[in-house]
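Biologist: Could you walk me through the side-chain contacts in this one? I'd like to start with the charged pairs and then go on to the cysteines and the rings.

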Amino acid sequence: MAATDLSAEIEQRVLELCGEFKQGITYQIIQNDMPQLKLDTIVQVINKLLATSRVDMLKKDDDVLVFKLRDPGTIHRIKGAEPEEQVVYKIIEECGTSGIWAREIRAKSNLHLNTVEKVLRKLESKKLIKSFNSVMAPKKKSYLLYELEPDRSLTGGAWYSDQQFDSEFVDILNQQCCRFLEDKLTSARQVAGGPIAVCNTSYVSSKDVLKHITLIGITKVRLTIEDIETILDTLVYDGKVERSISGGGGGGGGEESVKLYRIVSSLLPTPNIITIPCGVCPLIKECYHVGNVTPVKCRYMKEWLNLEW
């Protein structure tokens, strides 16, 4: 048998092994399958498969090299790229929306850090990958494929802007959700039927709240049901809203449970003495009619009394 025919036969068998071992194969697996081959021959075959973009090479945590079949769907994206670019691209691709740091890429690819950083710049310039900063490590760049968006747990979702918690945005959403639930309660009271009917008809689903927030256009951020339920649940913990669960009773009908919310309304108006800011002020023991801590200089007292500055 000619050497070229033998080489093609070995290549085909290595590809078959890669198909059998989805997590990848090592030199040892190849040698166990074809013990008659010398290591140099196996290395030559692997290098050819790497050069023709039919397999990818990765490095495990224990420094063992692993070879996996190249996904046909990604070959056209990095066609003509250098081997280092192909390796780095594959590592980033496998991380999905979680992203990966440059030092982690270096550890998996066995490339020098300077080489990794150079390859990353090339792939970014070709718009094959992009970088982002997570809220957990804002000073470290993570990389993912260009067409993907990082996981919300890494970016903080709707509540973060430029890695900073947007408390003003959260406050606005709190106010708008409360106002919508208050309007719903007011509308329910205008319909005859008594207190029980008012209670039942004043509940609103989180889906309806999301629809309202979207319609009034207070944000360009795309909110989800989970985002709105997070806001509504904070209002529940504050005692401003109460929550109920509808459906999902386990009767076998496959009915999905729905969270319902309504504003908490008191039967009697809250006495002003209860809402006075002095009750929760940490400096109340130091407050006196003269000095720096005094009701005359207290901004919270002026707000409570609706006084001008």
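Modeller: What follows goes through the charged pairs, the cysteines and the aromatic rings in turn, and please keep in mind throughout that this is a predicted model.

Biologist: Okay, how many salt bridges does the structure hold?

Modeller: The count is 14 salt bridges. One of them joins Glu11 to Arg54, with the closest N and O atoms 3.0 Å apart. Glu11 belongs to helix α1, residues 3–20, while Arg54 sits in the loop between α3 (39–51) and β1 (55–59), so this salt bridge ties together parts that are 43 residues apart in sequence.

Biologist: Is Glu11 buried or exposed? And what about Arg54?

Modeller: Glu11 counts as buried, because its relative accessibility is 6% and the cut-off for buried is under 20%. Arg54, on the other hand, has a relative accessible area of 31%, which makes it partly exposed.

Biologist: Which residue forms a salt bridge with Lys126?

Modeller: That would be Glu85, and the closest N and O atoms of the two are 2.8 Å apart. Glu85 lies in helix α5, which covers residues 83–94, and Lys126 is in the loop between α7 (113–125) and β4 (129–133), so here the salt bridge links parts that are 41 residues apart in sequence. Glu85 is buried at a relative accessible area of 2%, whereas Lys126 is partly exposed at 44%.

Biologist: Which residues are joined into one network by salt bridges that share partners?

Modeller: Arg13, Glu16, Glu20 and Asp33 are joined in that way. Within this group, Arg13 and Glu16 form a salt bridge whose closest N and O atoms are 3.0 Å apart. These two residues are three apart in helix α1, so about one helical turn separates them. Arg13 is partly exposed, with a relative accessibility of 22%, and Glu16 is also partly exposed, at 37%.

Biologist: Switching to cysteines: how many disulfides does the count come to?

Modeller: The count comes to zero disulfides. As for individual cysteines, Cys287 is partly exposed at 32% relative accessibility, and Cys298 is partly exposed as well, with a relative accessible area of 24%.

Biologist: Fine, on to the rings. How many aromatic pairs are there?

Modeller: There are three aromatic pairs. Among them is the pair of Trp159 and Phe169, whose ring centres are 6.1 Å apart and whose planes meet at 40°, so this pair is tilted.

Biologist: Where do Trp159 and Phe169 lie?

Modeller: Trp159 is in the loop between α8 (152–155) and β6 (160–161), and Phe169 is in helix α9, residues 167–189, so the pair ties together parts that are 10 residues apart in sequence. Both Trp159 and Phe169 are buried.

Biologist: And what kind of pair do Tyr160 and Phe165 form?

Modeller: Tyr160 and Phe165 form an edge-to-face pair, with 5.7 Å from centre to centre and 70° between the planes. Tyr160 is partly exposed at 33% relative accessibility, and Phe165 is partly exposed at 48%.

Biologist: Last thing, which charged ends sit over a ring?

Modeller: The charged end of Lys130 sits over the ring of Tyr146, at 5.9 Å from the ring centre. Likewise, the charged end of Arg262 sits over the ring of Tyr203, and there the distance to the ring centre is 5.6 Å.

Conventions:
Residues are numbered from 1 along each chain as its sequence is written. This is a predicted model: local features need pLDDT of at least 70, side-chain atom pairs count only at pLDDT 80 or more; totals for chains, interfaces and linings use all residues. Side-chain values use heavy atoms; hydrogens and water are left out. A salt bridge is a side-chain nitrogen of Lys or Arg within 4 Å of a carboxyl oxygen of Asp or Glu. Helices (H or I, at least four residues) and strands (E, at least two) are DSSP runs, numbered from the N terminus. Buried means under 20% relative accessible area, exposed over 50%, partly exposed in between (1.4 Å probe, protein chains only). A disulfide is a pair of cysteine sulfur atoms within 2.5 Å. Rings of Phe, Tyr and Trp (its six-membered ring) pair if their centres lie within 6.5 Å; planes under 30 degrees apart count as stacked, over 60 as edge-to-face and the rest as tilted. A charge sits over a ring if NZ of Lys or CZ of Arg is within 6 Å of the ring centre and within 35 degrees of the ring normal.
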